[in-house]
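Let's take a friendly look at one residue and the strand it belongs to. The structure comes first, and the report follows it.

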Amino acid sequence: MSHSHTDVSDQVSNEACPITEVLDHVAGKWSIGILVAAAHRPVRFTELERTITGISRRMLTLNLRKLERDGLLIRTVYPTVPPKVEYSLTPMARELHATLTGLVGWAERHRADITTARATYDAATASAPDAHADPGRR
């Protein structure tokens, strides 16, 4: 392999690693739900627990900590009895929410196109199963 090819591979890997790491954190189903729930106002733990269908208390706690650690959530503790804790989005998370809103809009606009493409692909592979075989396995 040439030295210049190695440089390009290293550059792509170095750029892709942070992207993959960030997407792993913010693109998870629970993280997106939390960010969407907290987008318009600060929310409490129990509100999040009720809003995000199917999430366990432990998973919610882990995801809140992860998002706070990543600088996407601000955790505010009020000195009351019992303690009141609210979570709100940071400016960085607000920007991310705007991006997610665009992605949701794209998904809604292209849902039918994707369904049609899948049906076409499935029909083609059903009639000619070897046509889409992995070239490395031939």
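The text below starts from E86 and works outward to its strand and the partners of that strand.

Please keep in mind that this is a predicted model. E86 sits in strand 3, which covers residues 84–89. Its relative accessible area is 15%, and since the cut-off for buried is under 20%, E86 counts as buried. The strand around E86 fits that picture: 5 of the 6 residues of strand 3 are buried, so the strand is largely enclosed by the rest of the structure.

What does strand 3 pair with? Strand 3 has antiparallel pairings with strand 1 and with strand 2, as the table shows.

| Partner of strand 3 | Residues | Sense | Bridges |
|---|---|---|---|
| Strand 1 | residues 43–44 | antiparallel | 2 bridges |
| Strand 2 | residues 73–78 | antiparallel | 6 bridges |

The link from strand 2 to strand 3 is a hairpin, made through 5 residues.

E86 takes part in both pairings: R44 has E86 as its bridge partner in strand 3, while T76 stands opposite E86. R44 and T76 also appear among the residues that E86 contacts beyond its neighbours within four places in sequence; the full set is P42, V43, R44, I74, R75, T76 and Y78.

Which residue shares a side-chain polar contact with E86? That residue is Y78, and the side chains of the two are joined at 3.1 Å. As a general point, side chains in a regular strand alternate between the two faces of the sheet.

Note on methods. Residues are numbered from 1 along each chain as its sequence is written. This is a predicted model: local features need pLDDT of at least 70, side-chain atom pairs count only at pLDDT 80 or more; totals for chains, interfaces and linings use all residues. Side-chain values use heavy atoms; hydrogens and water are left out. Helices (H or I, at least four residues) and strands (E, at least two) are DSSP runs, numbered from the N terminus. Buried means under 20% relative accessible area, exposed over 50%, partly exposed in between (1.4 Å probe, protein chains only). A polar contact is a pair of N or O atoms within 3.5 Å; within protein, one must be able to donate a hydrogen and the other to accept it, and residues adjacent in sequence count only if both atoms are side-chain atoms. Contact means heavy atoms within 4.5 Å. Two strands pair if DSSP finds at least two bridges between them.
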